[in-house]
Amino acid sequence: MSGWEIEALESDLGGFRLGPVDLALAPGTAVAVLGRSGAGKTTFLRTLAGFLAADRGRILRDGTDVTEWLPERRCLGYVPQGLALFPHRTVERNVRYPLELRERPDAAGRTRELLERFSLSKLADRRPSQLSGGEAQRVALARTLAADPELILWDEPWQALDVEARYELGLVLHELRETDRVPVVVVTHDPGLAFSLADRFLLLQDGRVELASDATALLDAPPNAFAARFVGFENVFDRTRLERRGAGGLAAWLLERAGPEGVAFAAPGPSAEGVPWRWTGTVRSARPTPDGVVVEMLADGLPLVLRAPRSRTVPPPLVGARIGFDIDPSALCALGASRRSVPEGP
Amino acid sequence: MGGCAPHVTDGPPAPLRRRPPRLSLWTVLQGVLSASLLLLFLLPIYALFSEAPFPRVVAALQNPQVWASIWLTFYASGIALLAAAVFGIPLGYLLARRSFRGRAVVESLVALPVVVPHLLVGFGLFLLFVPGTPLHHVTVALGLPVYDTLLGVVLVLVFVSAPYTVLASDLSFRAVDGRMIEAARSLGAGGPDAFVTVTLPIALRGIVAGLLLSWARAVSEIGGLLILAWVVYPSGLYSGPVSTTISVYIYNLVQLGDLQDAAAVSSIFLLIAFGLFLAVRLGERYGRLPWGRGELLP
């Protein structure tokens, strides 16, 4: 038996209830914990780390029940939001901290090794306040690894990082998984990080597990509007709001195709040659991307995002222009239902 | 013309240029107000120095009684400082980190010594330890009499000065981000380890500020001492001559009408105190003190 198992973990926190959560973490796996603010993501990490008591369920490390263990005995590296680098210690002494606690004779050598691995050698004498966001992340990671953790819990690793630093940290996290084989649980609001790093997703809502699956299941049937937007659906509608708009035009068409709970749909596209556009809308903004242009528009009072492929001949639409579009019925899906279960278009 | 700028007049905009530094009413007001207060600090000091003829200052400097008194003042306030640290910092931690019944009462109790006239403090302790009371017998039997001894001085000083350490520690411990402590714990630090290696160092700056305030308050105490320990006889930790703290010493001279000697001793003590505070300030400025740069002094 190797790795971590979380069995029906529950905790009651006066008015908020987390779980039950079931999760298995084999070496080298990464789990992304998703959910809106207040969904219980940080609570889940802090319960795993031992700062909040679990009221029911078990946490097993290599088959040993560690549910009641003190945080310092659990062998897991918890990186809280904001990283919590010690402001009174230099970079070098931050990284050395876990080794000092263990009175390791090789502390100096191991620290040097870690500083080198994360390209921090030149910053060894700096204070955390003198670091950029990306550097601080690397220090936090080096310090966590110095404790030889058997599980890393990271609350929002990409918070407040510029795109370049995100990219670099992404590489480091991948290496961590591949080389050190340490399982990682990250709380993230970033789909890019989640999909590139995680092989499993835990979607929380009001403390409950809304979905625990791999990427395919999440992409295929996002269970709620948050998940739908997270995986990249840009046009997500609440069924009740559609109904309030009455049966006219686009809203009625969407309702007709929607499942019982609500709808998500993707890929409004250009019409086939010669066929008149089914809908029209007013352009609110047009933003170029490497692949084409992203158009935000208002059609029948509904805000829509449309992606048009890059074209050398057709200029991007102007703000305020009225443009026509169609919706690919097969790209339409009801929340919580598999996309494939949605009936074909007219 | 509209926009966000009021009083826009028509016509071409004035060319942009750097505004020359000028004395605005605001700057003048700040200067006048600050200078008034500084003047209030300086004038009495000036009066003290001008009242002290140089030969009297020299005489005071050569007077062993003056030095005994200064030594006693620093000795007693040093012990009080130590006590404030040993007992005050844990109480501050307790108030910052634990919730318990009667918390509001404890908090008010801590603030009380700051508010009450210090004569009351001395009077209260006097009633407890005056010869004839049970506590007097106990303390004398233990070889630790309180009335008119160093211990009495220290008790008064701790009473009036420790609250500053408690309050500053409370605030400083509160300001330590709980996530720092959690990070330390998950890196392998037990509770006491995390306190010593993370909580305390981060809170230290504020705690030291409180300690300095406490010490300053102890050095300047007189009210409580006038009742409980006007004179200090040798006993226990104090084997020096019969003496008084410097504040009482100067008070006695003033009472006797010896104003020039009082002014001379005051001047000497002022210079020593000013020199000490200046040294701490400069130490901070140049980072020689462990808590680094910071706004520590009152």
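Two strands count as paired here if DSSP finds at least two bridges between them. Keep that in mind as you click around, and remember that this is a predicted model.

**Stop 1: the four-stranded sheet of chain A**

Select β1, β2, β4 and β5 of chain A. You should see an open sheet of four strands, ordered β2-β1-β4-β5, with antiparallel pairing. Now look at the two ends of that order. β2 (16-25) and β5 (64-65) of chain A are the edge strands, and each has a single partner, so one side of each has no neighbour in the sheet.

Zoom in on the β5 end. Strand β4(A), residues 56-61, runs antiparallel to β5(A) and is joined to it by two bridges. For a pair to label, pick Leu60(A), whose bridge partner in β5(A) is Asp65(A). Next, add helix α1(A), residues 41-49, to the selection: this helix packs on the sheet and touches β1 (4-13), β2 and β4 of chain A. The direction of α1(A) makes about 65° with that of β2(A).

**Stop 2: the six-stranded sheet of chain A**

Switch to β3 and β6 through β10 of chain A. What order do the strands take in this open sheet? Reading across, you get β6-β7-β8-β3-β9-β10, and the pairing is mixed. The edges are β6 (76-79) and β10 (208-213) of chain A; each pairs with a single strand, so each has one side left without a neighbour in the sheet. Going from one strand to the next, the twist averages 15°.

At the β10 edge, select β9(A), residues 200-205, as well. Five bridges connect β9(A) with β10(A), and the two run antiparallel. Label Leu204(A) and you'll find Val209(A) of β10(A) opposite.

**Stop 3: zoom out to the domains**

Colour chain A by domain: 4-222 is domain 1, and 233-336 is domain 2. Taken over C-alpha atoms, the centres of the two domains of chain A are 38 Å apart.

**Stop 4: two hairpins in a row**

Stay on chain A and select 279-309. Strands β14(A), residues 279-289, and β15(A), residues 292-299, pair antiparallel over seven bridges. A hairpin of two residues links β14(A) to β15(A). Right by the turn, Thr289(A) has Gly292(A) of β15(A) as its bridge partner.

Carry on to β16(A), residues 302-309, which runs antiparallel to β15(A) and is joined to it by eight bridges. One of the pairs to show is Val293(A) with Ala308(A) in β16(A). This hairpin, too, has two residues between its strands β15(A) and β16(A). Check the backbone of Asp300(A) in the turn: phi is positive there, about 55°.

**Stop 5: a helix pair in chain B**

Move to chain B and select α11(B), residues 246-255, and α12(B), residues 259-285. Their axes come within 8 Å and cross at roughly 160°. Angles over 145 degrees count as roughly antiparallel, and α11(B) and α12(B) are therefore roughly antiparallel to each other. The crossing is left-handed.

Show side chains at the contact. From α11(B), the residues include Tyr249(B) and Leu253(B), and from α12(B) they include Val265(B) and Phe269(B). By class, this contact has nine nonpolar residues, one polar and one charged.

**Stop 6: where the chains meet**

Finally, show both chains. Their contact involves 20 residues of chain A and 15 residues of chain B. On the chain B side, α8 (178-186) and α9 (191-219) are the elements that give two or more residues. α8(B) makes the largest contribution to that side, with six residues. Colour the chain B side by class to finish: seven nonpolar, three polar and five charged.

Terms used
Residues are numbered from 1 along each chain as its sequence is written. Chains are lettered from A and ligands numbered from 1 in the order in which they are written. This is a predicted model: local features need pLDDT of at least 70, side-chain atom pairs count only at pLDDT 80 or more; totals for chains, interfaces and linings use all residues. Two residues are in contact if their C-beta atoms, placed from the backbone, lie within 7 Å. Ala, Val, Leu, Ile, Met, Phe, Trp, Tyr, Cys and Pro count as nonpolar, Asp, Glu, Lys and Arg as charged, and the others, Gly among them, as polar. Axes are lines fitted to C-alpha atoms, for helices over the stretch in contact, and angles run from 0 to 180 degrees between N-to-C directions. Domain bounds come from an automatic or database domain assignment. Angles under 35 degrees count as roughly parallel, over 145 as roughly antiparallel, 65 to 115 as roughly perpendicular and the rest as oblique. A crossing is left-handed if the near helix is turned anticlockwise from the far one by less than a right angle, and right-handed if clockwise.
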